Structures are given as structure tokens and as C-alpha cells.
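Colleague: I would like to go through some of the labels attached to this model and hear the reasoning behind each.

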Amino acid sequence: MLRKDRYKAFVDYFSSHQPDAETELNYTNPFELLVAVILSAQCTDKRINQITPALFERFPDALSLSDSTPEEVFQYIRSVSYPNNKSKHLVGMAIKLMTKFNGTVPSDINDLQTMPGVGRKTANVIASVIYNAPAMAVDTHVFRVSNRIGLTRNATTPLAVEKQLVQYLPQDRIYVAHHWLILHGRYICVARNPKCHLCPLTWFCKYYEQTQTVKALLKAEADAKRKKADLKKKNSIKKIASKLKALEIEADKETNNISI
């Protein structure tokens, strides 16, 4: 299958079945999403959604967060991964947001990355989710699924995956394709034991094709070994039967000789 056909099949399926896919992080404005995405690094969305209501109640905007301290923020986020670093990043982000951007979350990816705790992935999430920009955030799910399906080739880094996806996906679908890949990786194309039996993409998925080919080869090899073993067993039985027959003939001769 040509790459353009694979991309078309991918976009056609999800455009029909998940046209409005969106992030599973809970937020009501760009500031809240920025905080949630910073917190979500190496942590589940479920956990983040459990702690953000109290956090947002105490810090409803960048101004209130910028006036806080990492020690205070830590008390609200202590159950997430790396709370010490993230509490410092959140306060630093809020201060930068107030001093440089007047409290408004910027849409430019480069501007976003000037804030503490905001890397390329986080910046792409904000740009695509809030501003529907053609930006592709590559997390572990996006990286895994796009390589398995065959949307990317020889892409060994998140940046390489991002560049290929942005190059070949329709520009107006990039922002939502990010969610398609994440959700598919989260619930179907999981890291261990992917649920291929539930996947609607197997007909054009390279991973499925390869695993099925490997399974077929292993089965053929196992069948060949079994046939060889069966043939060896049959030949052994024939040899034993032949020896027994020879012994019977010899015994009959001796019996006849004795009778005579």
C-alpha cells in the first residue's frame, strides 16, 4: 500500500467514526489546559483530572498562581509524578505568563516554549487544542501507533515522527489526528498485547501484517516439524513391524524344521 493511501485510509476512518475527538484532560480555558498538560507529563489524565479541581479553585488564573510559591502548589499536586519539579514549573510558568504575555496563553509554539515546564510536546498540544493549529504533539501513544500503522517510516525520534505526520496529514486534520492517535493507542493499540482483534485498522496496519506473517511462518514451521515427526514415527513403526514379521517367519521355519 502506498503511503498516501495509508494516510487516506487512516483519515477517512477516524473522520467518520471520531470526527470530534478531543483531549481527556478537564479544563475550561487555555490557562487551565496549560496547567493540566504540564502536570500530565509521565502521569495519567485520570490522575490529573482528580487533582485539578481543587488546584483551579485555589489558582483560577495566572495572576493568583504567580503570587504563590512552589511549596504551596506542591500541597495540591503531591500525588502526581515529579511534584517538586512541576510545582516550580507551574509558578515559573505563571510568572512568565504575567510578565511577558499579560496573562494570556500565547498561540505561537516558540513563545510557549519560553515558559518553564513547556517543551515542544506541550506547546504543540496547546497550539492544536486551543487554536486548532496544524501542530502535532508526539507522546508515547502517537509515537507507537503512527509507527505501527505505518504512517511513519524509520522515525526513531518524536521530532522525526512529528515532521512526517505534519508533512503527510491534511493540514486541517492535524489538530484532531493528534487525539485520534492518542486515543487509539490508549485503548486499542496498547504498548503490550495490542488488541488487534478489536482494531478496525488491521486491513492496512503494517504491524498487524507483520505479526500475521510471522505467525503464519511460525505455524508453517510448526506444521512442517509435526509432519516430519509424524513421518519419522510412521517409518519407525514400519521398521518395527518389518522386524516383527521377519521374526515371525523365522520362528515358523524353525517350527517346521522341528516337526519334520
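Colleague: How do the residues lining the largest pocket divide by class?

Modeller: The lining of the largest pocket has 9 nonpolar, 8 polar and 7 charged residues. This is a predicted model, and such lining totals use all residues.

Colleague: Which residues lie nearest the centre of the largest pocket, and what volume does the pocket have?

Modeller: S40, C43, D45, D139 and R186 lie nearest the centre, out of 24 lining residues. The space in the largest pocket is about 500 Å³. Two or more lining residues come from each of α3 (45-58), α8 (120-131), α9 and α11 (174-187). The most come from α11, which gives 5 residues.

Colleague: Why is S146 called buried?

Modeller: The relative accessibility of S146 is 0%. Buried requires a value under 20%, so S146 counts as buried. S146 is found in helix α9, residues 140-149. Leaving out residues up to four places away in sequence, S146 touches L151, T152, V161, L165 and L181.

Colleague: What makes the approach of the S146 side chain to F143 a polar contact?

Modeller: The side chain of S146 reaches the backbone oxygen of F143 at 3.3 Å. The cut-off for a pair of N or O atoms is 3.5 Å, so the pair qualifies by distance.

Colleague: Why is T114 called partly exposed?

Modeller: The relative accessible area of T114 is 31%. Buried is under 20% and exposed is over 50%, so T114, at 31%, is partly exposed. T114 sits in the loop between α7 (109-112) and α8.

Colleague: Which residues does T114 touch, not counting those up to four places away in sequence?

Modeller: T114 touches K96, K100 and F101. A polar atom of the T114 side chain also lies 2.6 Å from the backbone oxygen of D111. From T114 to G103 the C-alpha distance is 14 Å, with their positions 11 residues apart in sequence.

Colleague: How do you know that α3 and α5 meet?

Modeller: I51, A54, L55 and R58 in α3 meet E72, Y76 and I77 in α5, where contact means heavy atoms within 4.5 Å. The axes of α3 and helix α5 (residues 70-77) come within 9 Å and cross at roughly 145°.

Colleague: What classes of residue make up the contact of α3 with α5?

Modeller: The contact has 5 nonpolar and 2 charged residues, with no polar ones. Tyr is counted as nonpolar, so Y76 belongs to the nonpolar group.

Note on methods
Residues are numbered from 1 along each chain as its sequence is written. This is a predicted model: local features need pLDDT of at least 70, side-chain atom pairs count only at pLDDT 80 or more; totals for chains, interfaces and linings use all residues. Side-chain values use heavy atoms; hydrogens and water are left out. Helices (H or I, at least four residues) and strands (E, at least two) are DSSP runs, numbered from the N terminus. Buried means under 20% relative accessible area, exposed over 50%, partly exposed in between (1.4 Å probe, protein chains only). A polar contact is a pair of N or O atoms within 3.5 Å; within protein, one must be able to donate a hydrogen and the other to accept it, and residues adjacent in sequence count only if both atoms are side-chain atoms. On a 1 Å grid over the protein atoms alone, a cavity is a set of points where a 1.4 Å probe fits but cannot get out, and a pocket is an open set with protein on both sides within 12 Å along at least five of seven lines; lining residues have an atom within 4 Å of a point. Grid points are joined across faces, edges and corners, and a volume is the space filled by probe spheres set on the points. Axes are lines fitted to C-alpha atoms, for helices over the stretch in contact, and angles run from 0 to 180 degrees between N-to-C directions.
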